[in-house]
Amino acid sequence: MNTLTSNVIVLLSLAAVRLQSALYSVISDCDETFNYWEPLHYLLKGRGFQTWEYSPEFALRSYSYLWLHGLPAKLFNLFTDNGVLTFYFVRCLLALTCALLEYRLYKVLGRKCGGVTAILWLAYQLTSAGMFNSSAALLPSSFSMYITLATMAAWLNGDTKTGIAVTAFSGLIGRRTNRNIIIIPKMHKLHLSFSIRKGWPFAVIIAIPFVLELLFRKKQFTHLLKNALLFGAMFGIPIVLIDSLYFGTFTVAAWNIIRYNVFTSHGPDLYGVEPLAFYVKNLFLNHNIVGFIGFWYPVVEVTVAFLGIRNTKNHLQPLRALWVMSPLYIWLFVFALQPHKEERFIFPVYPLFALGTALLMDQLFSHARRVLGSKATIPNFMLSTGVLGMALVLGVSRMLATSVYYTAPMNILNGLPATNEELNICYGKEWYRFPGHFFLPPNYRARFVESNFNGMLPAYFEETPNGTKILHDHFNDQNVGHPHMLFDLSQCDYLVDFDKGDFYDETSREPNYSADRKTIMSNYRPRGAIAKVFFDRIHNDDVIQQIDMTTWYTMGKLPRKYAGLYHHLNGPDELTLEWLERSKKTSGRIWLQLCHEVAKLFLNMFMTQTDINGFLKRGSMFILSEMQFDEFLTAGGFFQNRERQSVLNVCDIGAGDGEVTLRLVNTLQQKRNWQVTTYATESSWTMRNRLNEKNFIVLENLNQIHQADLIVCFNVLDRCFDPHVMLSDIYESLDQTGFALIALVLPYSHYVEKNSSHLPLRTLLEPWPPAKRLTVEEELEMFFDVLQTVGFKIRTWTKAPYLCEGDLRQSFYWLTDYVVLSRERLMVRINSVRDVPMPPIVPPKDSFRSGVTSRPPLDAPAPDTVRPVE
């Protein structure tokens, strides 16, 4: 590959990755929005937020820095007035500027440090999540990072005039727009004083080794002084003139900064303090293994220098290379000591992390070649591939995480409709996530409503020609809030808030507004399929919260014929409520539920709903708790005359995943010291696998078991091909003293999942459908009559909920179940019901469940389930 081609590839790679940052990275700091994007929007379009730093009373920010970006944006607005396009146009310019400066440093590194160092540095830069976040940010700290790139390139290339020029430019712009570090004598010591919310002359610290080299090594004091004065005047005079014009009075921001830092009692602690671990965590997230290796570079270089080892392919001597890298360590030392810490404070030295690691790796490669000779090729390749691979995986995953999972504040405003009247979009506790007026359509105003934040909020610039010159009494420099910035919630047309899942508390200053159905959410209608799913979930769960769950167990009217056998259960008990809470948590795991939904789309092509539930291990059921099983079986006389029995044979027909059966078996084992052998039948192959995992003995059909003590048939009679044959098989498989525990969902509806017509051979309740709509009490009598006809004697029955785990749409589902405990009559068995004449096959009316063999499907609608609002 020739030089031109390789240069083009490098430049295009840098440009492509940085443009990706411009288009997909998020605004990670509210300072970027309120101190830069908002004043820039005001300069371009006459509307935007003003912070106290831009008040003429304090004048701590510079309009000069804004116009560096405002001029090209103004030209771009000649072609389009779209705010979002203008925002991304400015970002793309910043990204391309960063890419060009990185390319310049790459070329210099190739000449001065060797091709390996340059290529490694480039690779680490491209995979750095920190560079992804900072390269296109409208922040003076990002601007100072550009200066770092330019300064390092000029320094290594011996271009002192360029180095002095960019340092002077950064210092002058920085003193008015970044946080300054001012070294002042006080009590015979040197103290570092940091101005609050201004900016720092980043290049001043980064250029300290460069300046010291000019003064003491190269003896170029006159050259340094002359160029410093020249470029200082060249950049300083226009900056002072521009700022004085906008603030309406002669303004030297440098003096304002000194006055604020030296002659006031305020400090950076007003804006929060963090421990050193804050930087450690941020640096690992942004630079991962590259940052960790770079910290060890001084140790390696000092060791190499002590041993007198030289890298023949790197023109930098070990101590010279360490001197070049010293700005990184000076910077980290200075800022690690400061109580007030922010991620952006480290932006200016981000490129130096990659450089330190590249130099260290190159040194290790050289030493390996010296010791191993030609055998070093494989170890060097494995080391470089391992480090780069880890950097790539960790870096790209971090970039994807921030650009996919944290873009809601920037994307949510896209859905605002165009309007000809002025509308208010309000922010409460999410005020710091407001992305700026570039994202708002015309005629919208952002407002701030009361929250727990009591600091200084921004206010609108006066929308007049002299709006930047007007003094306001609602601004102060002590971070004390003012009522002027707050807006009446009742006047809001839209509200942006973060839903934490809490209930609405009208006494809180930061309530969960999305839970306020009476006012805030009364007229909300979601847009888009995903939004509708989440809205339905919130609505359905709100309805669930209002349900009186005791009605699940209460009969309004009893069937006259069997009223004396009814046993009322008091519920829901503690175990039932625990199951419901677990279901809410499981259904609330959004990514798990989304994966299930995607999997269902694919699996539905060749699997039944029951098979899918078994495969995904979802859709577990609940009917009675252990205590409720105990109470119900005791009321039906199951435990009578079994004191001498040591073994029980239990079989569950259509056992599903076996969770309901296990609760029953636990009840039996706790009641008596019985050895319970658990059998089960199940038509779904995935559910059979789950039953085998729980040590069930899975039978092919019920005829394989005889003299069972208890046969369970929960909600299968309305799902099987011939319920009458199934009842006959249950009867014939019971021991003479055996019991049958049967449940049926009412209102009755029959659905056969593994039948192409989904129709049964004959229905359980006959004739069906009836000539007139039956009440639940009438259906119960018909059901109990069928059991009596087969030969069962009903001992007791009850009403209970048939619960199913929830999904994206709601926390859980339920149907109304009627559970019957019966036993054989003490008489000769009747003939098989297989010989009973069959009624004509009629489709079930109002079939409402989309079938499973053993349990209703997770997404089945039902009369008692909460339905989404259309």
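How many helices and how many strands does the protein have? The structure shown above is a predicted model, and in this model the protein has 27 helices and 15 strands. Of its 870 residues, 55% count as buried. Among the contacts with a separation of 6 or more, 76% are made by residues 24 or more positions apart.

**The nonpolar cores**

- The largest nonpolar core has 121 residues, and those with the most contacts inside it are Trp121 and Ile346.
- Helix α4, which covers residues 83-112, gives the largest share of this core, namely 11 residues.
- Domain 1 (20-177 + 199-407) and domain 2 (426-523) both contribute residues to this core, so the core lies between them.
- Leaving out residues up to four places away in sequence, Ile346 touches Tyr279, Leu283, Trp331, Leu332, Phe335 and Phe353.
- Another core, of 41 residues, lies apart from the core that holds Ile346, and Tyr553, Trp674, Val676 and Leu821 are among its members.

**The open sheet**

- Eight strands form an open sheet with mixed pairing, and their order is β8-β14-β15-β13-β12-β9-β10-β11.
- The strands β8 (621-622) and β11 stand at the edges with a single partner strand each, so one side of each has no neighbour in the sheet.
- Strand β14 (residues 792-805) and strand β15 (residues 812-824) run antiparallel and are joined by 13 bridges; in one of these pairs, Glu805 has Phe812 of β15 as its bridge partner.

**Strand β9 and its surroundings**

- Is strand β9 largely enclosed or largely open? Five of the seven residues of β9 (residues 647-653) are buried, so this strand is largely enclosed by the rest of the structure.
- Strand β9 runs parallel to strand β10 (residues 675-681), to which it is joined by seven bridges, and within this pairing Asn649 has Thr677 of β10 as its bridge partner.
- On its way from β9 to β10 the chain passes through helix α24, and the resulting β-α-β crossover is right-handed.
- Strand β9 also runs parallel to strand β12 (residues 708-714), here with four bridges, and Ile653 stands opposite Cys713 in β12.

**Helix α24**

- Helix α24 (residues 659-671) has 13 residues and reaches 19 Å from its first C-alpha to its last, which is close to the 18 Å expected at 1.5 Å a residue.
- The buried residues of α24 are Val660, Thr661, Arg663, Leu664, Val665, Thr667 and Leu668.
- When reading such a list, it helps to recall that an α-helix has 3.6 residues a turn, so residues three or four places apart point the same way.

**Backbone features to look for**

- Most residues other than glycine have a negative phi, and most peptide bonds are trans.
- Ala59 has a phi near 50 degrees, which is a positive value in a residue other than glycine; the residue sits in the loop between β1 (49-50) and α3 (63-76).
- Is Ala59 buried or exposed? Its relative accessible area is 2%, and because buried means under 20%, Ala59 is buried.
- Asn695 likewise is not a glycine and has a positive phi, of about 65 degrees; this residue is found in the loop between α25 (685-693) and β11 (697-699).
- Asn695 is exposed, with a relative accessible area of 69%.
- A cis peptide bond with omega of about 0 degrees joins Gly571 and Pro572, and Pro572 has its place in the loop between α19 (529-545) and α20 (574-587).
- A cis peptide bond also joins Glu766 and Pro767, here with omega of about -5 degrees, and Pro767 lies in the loop between β13 (734-745) and α27 (776-790).

**A long-range pair at helix α5**

- Leu126 lies in helix α5 (residues 115-126), and although Leu126 and Ser13 are 113 residues apart in sequence, their C-alpha atoms are 8.1 Å apart in space.
- With its neighbours within four places in sequence left aside, Leu126 is in contact with Ser13, Leu14, Val17, Arg18 and Met399.

Definitions and conventions:
Residues numbered from 1 in each chain as written. Predicted model: local features only at pLDDT ≥ 70, side-chain atom pairs only at ≥ 80, totals over all residues. Heavy atoms only, no water. Core = buried A, V, L, I, M, F, W, Y, C linked by side-chain atoms within 4.5 Å. Buried < 20%, exposed > 50% of the residue type's maximum accessible area, 1.4 Å probe, protein only. Helix = DSSP H or I, 4+ residues; strand = E, 2+ residues; numbered from the N terminus. Domains from an automatic or database assignment. Contact = heavy atoms within 4.5 Å. Expected span 1.5 Å × (residues − 1). Pairing = 2+ DSSP bridges. Right-handed = clockwise from strand over helix to strand, strands pointing away.
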